[in-house]
Amino acid sequence: GEAGRAHQAELAEKPLEEEPLEALSLQRWNGALSSCASLQELPRPLLRRMLRAGVPLQHRAHVWRACAALARADGAAAGEDELSLRAAAAAGGDGKGDGGGGSEGSGGGSEGVFSPALPGEAAAAGPPVGLREIYAAHVEVGISRSETEEASGLSAAQRREVEQDLLRTFPEHALFSSHARQGLVPPLRRLLLCLARQVPTVGYCQGINFIAAFLLLHADEGTAFELLVALTSQAALLRGMHTADMPALHAAHAALLSSFEQSMPQLMARLRDDGVPLREASTQWLLCALVDVMPPGAVGRVWDLMFLDGARVLLRSIAAAFRLHEAALLAEHADLADSADGGLKAVLRAATPRLLSRAMSQQELTRICDEAAGSAGLGEVTAATRAAEGGGGERPWWGLSPAPLSG
């Protein structure tokens with residue numbers, strides 16, 4: 001309505017970058033969310049500025065679902081996400097709302113990418129089954145350790161791997177330190193087993209346990225499952241990062257190395273001279289979407305944009321963290337080969353939200369990362385898209401999404 005548009009105009013005029021970097025104030029997010037029926041109604045430059053300033057913990061689950069739906073719709077508009085549209089259709093919408101809705105794809109399977117059938121049923125024609133309904137049905141039927149390999153979608157070795165990783169995920173976190181029913185280990189097991197059954201091309205891959213656990217710290221089980229399926233099934237997000245051949249991971253490796261070569265050539269030369277395996281070390285960072293390597297506050301800020309821009313945000317974050325410490329890493333006394341991953345993880349662990357946001361606001365660094373991602377197949381950002389998204393002005397920005405929605 002008129003009041004909502006007036007509030008959006010007021011938000012657009014305020015310098016959000018001057019807000020405290022911990023998160024945009026809850027009051028301002030409340031006002032923005034109450035001014036529209038869905039986040040799609042917000043002008044995209046305004047939405048991106050709000051995400052860049054940070055999403056309050058109280059709104060993260062809702063906003064992440066909304067952004068995943070927008071990313072899916074962007075992919076549909078670009079004609080590049082047919083398979084993940086079918087997977088996302090199980091969220092129960094038309095792909096244009098903010099509640100994790102799906103698209104007008106069929107309710108059937110998608111060539112092994114996603115299986116929307118309830119436990120014990122074949123995928124049926126007709127309206128798609130909602131992801132929360134699927135998850136609730138799995139929990140009601142019971143996802144037990146005694147399931148057959150065919151029923152669970154996991155081999156015996158993979159199921160053992162899931163069980164072993166449950167207590168390795170956040171061993172120092174009280175909610176993940178034991179199998180107690182009041183903790184989050186049982187929900188984590190259910191999420192991982194249900195994902196393996198519903199997204200068979202992924203099954204279980206180490207790194208997903210950290211992603212699922214981080215989701216559980218921000219959302220209820222049903223919403224966490226929706227978001228986990230979105231991340232692993234949508235081409236605009238992290239699809240192909242955790243599959244057997246890992247095409248998105250290989251593309252991310254190439255883009256990351258290219259970004260470092262262009263933005264920090266001296267550091268790359270030093271890493272090569274010291275025999276530091278950046279490609280190998282970055283595998284863990286990318287598979288767990290930085291959850292196990294950056295402080296939780298920084299990870300949350302990265303994820304606020306990841307649900308809209310996908311893996312490109314991970315590349316920007318890693319490059320920004322190293323840009324912050326480039327001088328120290330180039331110092332003569334710096335020992336870059338002091339551990340199996342070259343001591344590089346310490347750089348990421350030092351990435352506070354404030355410092356990371358400052359580094360990621362550098363337009364040239366973001367341009368380099370986005371162009372490298374596009375060349376590697378992770379999505380290209382064109383000059384026209386920059387202008388449409390409002391990224392060409394003086395205001396600092398983190399990045400750009402695919403072309404805006406039409407209609």
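In which loop does Leu290 lie? In this predicted model, Leu290 is found in the loop between α14 and α15, and that loop is a good place to return to once the overall picture is in view.

The protein chain folds with 21 helices and zero strands. Of its 407 residues, 55% count as buried. The chain also brings together parts that are separated in sequence: among contacts between residues at least 6 apart in sequence, 70% join residues at least 24 apart. The accessible surface comes to about 16,400 Å², and carbon and sulfur atoms account for 53% of that area. One pair of residues gives a feel for how sequence and space can part ways. Gln198 and Tyr135 stand 63 residues apart in sequence, yet their C-alpha atoms are 9.4 Å apart in space. Gln198 belongs to helix α9, which covers residues 185–198, and with a relative accessible area of 2% Gln198 is buried.

Two helices show what being buried looks like for a whole element. Helix α10, residues 208–216, is mostly covered, with nine of its nine residues buried. Among them are Ile208, Phe210, Ile211, Phe214, Leu215 and Leu216, and Asn209 is on the list of buried residues as well. Helix α3, residues 44–53, is largely enclosed by the rest of the structure, because nine of its ten residues are buried. The buried residues of α3 include Leu46, Leu47, Met50 and Leu51, and also Arg44, Arg48, Arg49 and Arg52. Just after α3 comes Gly54, which takes a positive phi of about 115 degrees.

Positive phi values bring the account back to the loop between α14 and α15. Most residues other than glycine have a negative phi. Against that background, two residues in this loop catch the eye. Ala289 has a positive phi of about 50 degrees although it is not a glycine, and Ala289 sits in the loop between α14 (278–287) and α15 (296–309). Leu290 likewise is not a glycine and has a positive phi, here of about 75 degrees. How buried or exposed are these residues? Ala289 has a relative accessible area of 0% and is therefore buried. Leu290, at 1% relative accessibility, also counts as buried.

The second largest pocket encloses about 360 Å³ of space. Its lining is made up of 19 residues, and those nearest the pocket centre are Phe170, His173, Leu217, Val291 and Pro296. Helix α15 supplies the largest share of the lining, three residues. By character, the lining divides into eleven nonpolar, four polar and four charged residues.

Charged side chains also pair up elsewhere. How many salt bridges does a search of the whole structure find? The search finds 15. One of these joins the side chains of Asp309 and Arg316, with N and O 3.4 Å apart. Both partners are hidden from the surface: Asp309 is buried because its relative accessible area is 3%, and Arg316 is buried at 1%. Asp309 and Arg316 take part in a wider arrangement too, since they are linked with Arg48, Arg312 and Asp370 in a network of salt bridges. Arg48 in that network is one of the buried residues of α3.

Other salt bridges have partners with more varied surroundings. The side chains of Arg323 and Glu326 meet at 3.9 Å, N to O. Arg323, at 24% relative accessibility, counts as partly exposed, whereas Glu326, at 17%, counts as buried. The cut-off explains this split, because buried means under 20% relative accessible area.

A further salt bridge links Arg367 to Glu364, whose closest N and O atoms are 2.3 Å apart. Why do Arg367 and Glu364 lie about one helical turn apart? They are three residues apart in helix α20, residues 363–376, so about one helical turn separates them. An α-helix has 3.6 residues a turn, so residues three or four places apart point the same way. In this pair, Arg367 is partly exposed at 26% relative accessibility, and Glu364 is partly exposed too, with a relative accessible area of 46%.

Methods:
Residues numbered from 1 in each chain as written. Predicted model: local features only at pLDDT ≥ 70, side-chain atom pairs only at ≥ 80, totals over all residues. Heavy atoms only, no water. Helix = DSSP H or I, 4+ residues; strand = E, 2+ residues; numbered from the N terminus. Buried < 20%, exposed > 50% of the residue type's maximum accessible area, 1.4 Å probe, protein only. Contact = heavy atoms within 4.5 Å. Areas by Shrake-Rupley, 256 points an atom, 1.4 Å probe, with all protein chains shown as cover. 1 Å grid on protein atoms, 1.4 Å probe; cavity = no way out; pocket = protein on both sides within 12 Å on 5 of 7 lines; lining within 4 Å. Points joined across faces, edges and corners; volume = space filled by probe spheres on them. Nonpolar A, V, L, I, M, F, W, Y, C, P; charged D, E, K, R; others polar. Salt bridge = Lys/Arg side-chain N within 4 Å of Asp/Glu carboxyl O.
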